[in-house]
Each structure stands twice: as C-alpha cells, then as structure tokens.
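Biologist: Pick one part of this chain for me and take a close look at it, please. Then work outwards into the rest, and tell me where I should be careful.

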Amino acid sequence: MRFGRSIMAIALSVGMGLCFSYANASETGHPHWTYEGEHGPEHWGKMSEEFKACGEGKQQSPIDISGAENLDLPDIEFNYKPTQLNILNNGHTVQVVYDKGSSIKVDGQDYQLVQFHFHTPSEHTIGGKSFGNEIHLVHKNDKGELAVVGVLIEKGNENPAFNEIWANLPQKADEKKEVKVTVNAESLLPATRSFYRYSGSLTTPPCSESVKWIVLKTPVPMSEAQINRIQAIMKHNNRPVQPLNERKVTVDTATH
Ligand SMILES: [Zn+2]
C-alpha cells in the first residue's frame, strides 16, 4: 500500500501546515479538537505532531468488539472506595476526579483510579451494536501506564446510582463543582464483571497507545431521560470505531 501511504504523508504535511497558524489553538497551546467538522476525529492525526497516533496508530480505540477469542482470564479485582464528588466539564466530557486510594488489579499490577467520564453514545460497539452511553474509568499504575475500564450503558430503567452525579452535572465548558457528597464508582458497575480485553489507545487526542482496555460485557441500565440529560450537555462525544488491524480481542469464559 505504498501509494496510500504517500497520499497520507501529503495529507499529513498539508494538515500540519494549516495548523501551524494555530488559528484554533487553545490557551494551553494544544490544537482545539472537536467531534465534528474540520477539527473532528478524521483530522485529529493531522492537527499536530503530538496527535500523530490518532491518524497513524495501528492500535487505536474504540473498536467494534466481535469475534472475541475465549480465554479463561483471571478476574479483574476492583477495590473502589467512596470519593468526594469533584466534577468538571472539560469541554469534551463530564469528568469525575477520584480521590486517591481506589484501584483495580490487572495482570498482577495495581492501577489507581484517577477519574471517570462519559461518552454519548457509546464508543465501543458490540457486534456493531451501539449503546446509549459509556463510562470510562481511567486507571494509572506507578509507571504511568494506563488501564481503562469501559462500562456500557443501555436504555432501560432509571438508575439511582447516578443520581448524585446527574444532580450536579456542570453545564458549561470549564465549569467545576465540588460537592459535599460522596459517590462510589463501585455502584456504577454491573454485578457481573466478566469482560473483553484488548490493547488500545486513548480515544481522545493525543490517542496514545499501550492502554490496557477492559470492557465489561454486561451493560448497566439508565433511563432515556438520564441519557438525554448528559447528551444535552455533551452532544455526541464518541470517536468512531477504529480498525482492529493485527490485534485480538479476548473474552473471559469464567462466570463471576
Ligand atoms: Zn473516554
């Protein structure tokens, strides 16, 4: 595919040239990216050198999960504790920043829960099926490596586990709220913790790879009104699914 590559290289240099003006750079100096239009997902990789993996990476997320290989994988251990509700709208998502002391154990290593946030509709799809929303619980180990747990949210009954968060959703970009209530990420997880695993990336720029992805198989319910409430703030904030390339998705066969 040499031809394809050289076209891509031209597109890349053109894209970077345009971006050089920084006409749309944010205050941080990072290019301003969005979910549609000229700074949408198909252009992220060309917007800056820092975002290159978004366009050129071969292990990108999200993906459509289908044809997963059965394996008897060890359980993921969840050790979540309550946190004070510290919630922010960063212009791309609504994010709950987590106090230190909560973690998961994956492949014998502890990863601390740093934050969780929401995407509407879901970023991962299962056999082509999209879900109403998806929570990403972002964890980091001592070496700075990431493990993200994806929880799919399906339209259904109203889910009271989200009440405190939903009552305090920051409406505008850069709005933050520190509320004197506690929430526990544990209560947002499904009772059954079987999962898919694959190696992927951040789903937002800079789309860095080597992220351990764990997508829980069982969706949790949320009412249409609850889904609509966050969608009214974020609109759609899901990156389209990316090619699987040489990767394999595994699914654990154990019942938890
Ligand atoms: Zn995310």
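Modeller: Burial first, since I'll lean on it throughout: a residue is buried if 20 or more other C-beta atoms lie within 10 Å of its own, exposed if 12 or fewer, and partly exposed in between, with C-beta atoms placed from the backbone. This is a predicted model, so local features need pLDDT of at least 70 and side-chain atom pairs count only at pLDDT 80 or more, while totals for chains, interfaces and linings use all residues. Numbering starts from 1 along each chain as its sequence is written.

My pick is helix α5, residues 224-234. By helix I mean a DSSP run of H or I with at least four residues, and by strand a run of E with at least two, both numbered from the N terminus. Which residues of α5 are buried? They are Gln-226, Ile-227, Ile-230 and Met-234. Looking down the axis of α5, these buried residues fall within an arc of 100 degrees, so they line one face of the helix; the arc is taken over the directions from the helix axis to the C-beta atoms. Turn to the face pointing away from that buried side and you meet the exposed residues Glu-224, Ala-225, Asn-228 and Ala-232. Just after α5 comes Lys-235, with a positive phi of about 55 degrees.

So what sits over the buried side of α5? The cover includes β5 (94-97), β7 (109-119), β9 (133-140), β10, α4 (163-166) and β14 (220-222). Contact, here and below, means that the C-beta atoms of two residues, placed from the backbone, lie within 7 Å.

Follow β5 outwards from there. Strands count as paired if DSSP finds at least two bridges between them. Three bridges join β5 to strand β4 (residues 83-89), and the two run antiparallel, with Asn-89 opposite Val-94 of β5. Four residues separate β4 and β5 in their hairpin, and one residue of that hairpin, Gly-91, has a positive phi near 90 degrees. β5 also pairs with β7, again antiparallel and over three bridges; here Gln-95 has His-117 in β7 as its bridge partner.

β10 leads somewhere else: the largest nonpolar core. Such a core is a set of buried Ala, Val, Leu, Ile, Met, Phe, Trp, Tyr and Cys residues joined through C-beta atoms within 7 Å. This one has 46 residues, and those touching the most other members are Ile-135, Leu-137, Val-149, Val-151, Ile-153, Ile-214 and Val-215. Strand β10 (residues 146-155) gives the most to this core, with six residues. In soluble globular proteins, nonpolar side chains do tend to be buried together. Take Val-215: leaving aside neighbours within four places in sequence, its contacts are Ile-65, His-124, Gly-150, Phe-195 and Tyr-196.

Phe-195 and Tyr-196 from that list bring us to strand β12 (residues 195-201), where six of the seven residues are buried, so β12 is largely enclosed by the rest of the structure. Seven bridges tie β12 to the antiparallel strand β13 (residues 209-216), with Ser-199 opposite Lys-212. β12 also pairs with β15 (residues 250-252), antiparallel over two bridges, and there Tyr-196 stands opposite Val-251.

Now some backbone oddities. Most residues other than glycine have a negative phi, and most peptide bonds are trans. Pro-206 sits in the loop between β12 and β13, and the bond from Pro-205 to Pro-206 is cis, with omega near 10 degrees. Asp-174, in the loop between α4 and β11 (176-183), has a positive phi near 75 degrees and is exposed, with 9 other C-beta atoms within 10 Å.

Stepping back, the chain has five helices and 15 strands, and 35% of its 256 residues are buried.

As for care: pLDDT is the predictor's confidence in each residue, from 0 to 100. The chain averages 89, and 88% of the residues score at least 70. Over residues 1-27, though, pLDDT is below 50, and this stretch has 17 contacts in the model beyond near neighbours in sequence. Where pLDDT is low, the predicted coordinates should not be read in detail.
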